[in-house]
Amino acid sequence: MALVIEGEERIAAPVKKVWEALNDPEILKEAIPGCQSLEKRSDTEMAATVVLKIGPIKATFNGEVTLKNLKPPHSYTIQGEGKGGIAGFAKGGADVTLTEDGPDATVLKYAAKAEVGGKIAQLGSRLIQSTSKKLAGQFFSTFGEKVGA
């Protein structure tokens with residue numbers, strides 16, 4: 001099952017600060033809903049453990065995150081894949097762009113594509129789509145609060 005999620009968030013911080021935060025595992029860990037651990041393995045690779053509840057299914061996903069197409073401090077592509085054992089898998093990526101909106105504000109736009117399989121995919125596209133949008137919204141609003149603070 002494939003999903004597409006797009007959105008934008010205005011963050012009260014300069015582009016350079018937002019870019020640094022997008023590459024900071026501590027800030028990302030605090031912003032990712034259900035994130036238990038996020039470990040930087042290199043400048044472009046991280047390992048993550050995330051616990052998610054989608055409808056009646058609660059699963060722990062262990063995954064890898066890779067940053068590609070880096071154009072500091074304006075854009076990158078983040079790709080990841082997570083396995084949740086019996087619950088299934090999720091994989092996908094997002095193109096993230098940062099645009100200056102005055103000297104102390106940044107507009108972060110994202111276009112994400114994801115694919116899910118296994119038991120989670122059996123829950124139905126409407127539930128998965130709404131949960132995915134909610135999780136993306138939570139991530140970007142929390143991220144915006146942390147960076148803009």
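Two strands pair if DSSP finds at least two bridges between them. Helices (H or I, at least four residues) and strands (E, at least two) are DSSP runs, numbered from the N terminus. You're looking at a predicted model, so local features need pLDDT of at least 70 and side-chain atom pairs count only at pLDDT 80 or more, while totals for chains, interfaces and linings use all residues. Residues are numbered from 1 along each chain as its sequence is written, and side-chain values use heavy atoms, with hydrogens and water left out.

**Exercise 1.** Work out in which order the seven strands of the open sheet line up, and which strands are at the edges.

*Solution.*
- Step 1: Walk across the open sheet and you meet the strands in the order 1-7-6-5-4-3-2, with antiparallel pairing.
- Step 2: Look for strands that pair on one side only: these are strand 1 (2–11) and strand 2 (35–40), the edge strands.
- Step 3: Zoom in on one pair. Strand 3 (residues 45–54) and strand 4 (residues 57–71) run antiparallel over 10 bridges, and Leu-52 sits opposite Ala-59 in strand 4.

**Exercise 2.** Place Val-107 and decide: is it buried or exposed?

*Solution.*
- Step 1: Find Val-107 in strand 7.
- Step 2: Check the cut-offs: buried means under 20% relative accessible area, exposed over 50%, and partly exposed in between (1.4 Å probe, protein chains only).
- Step 3: Val-107 has 14% relative accessibility, so it counts as buried.
- Step 4: List its contacts (heavy atoms within 4.5 Å). Leaving out residues up to four places away in sequence, Val-107 touches Glu-8, Glu-9, Arg-10, Thr-97, Leu-98, Thr-99 and Asp-101.
- Step 5: Compare sequence with space: Val-107 and Ile-11 are 96 residues apart in sequence, but their C-alpha atoms are 6.2 Å apart.

**Exercise 3.** Find which parts the salt bridges of Lys-109 and Glu-30 tie together.

*Solution.*
- Step 1: Recall the rule: a salt bridge is a side-chain nitrogen of Lys or Arg within 4 Å of a carboxyl oxygen of Asp or Glu. The whole structure has seven of them.
- Step 2: Lys-109 meets Glu-8 at 3.9 Å, N to O. Lys-109 is in strand 7 and Glu-8 in strand 1, so this pair joins parts 101 residues apart in sequence.
- Step 3: Glu-30 pairs with Lys-146, the closest N and O atoms being 3.3 Å apart. Since Glu-30 lies in helix 2 (residues 25–31) and Lys-146 in helix 3, parts 116 residues apart in sequence are tied together.
- Step 4: Check exposure: Glu-30, at 46%, is partly exposed, and Lys-146 is partly exposed at 38%.
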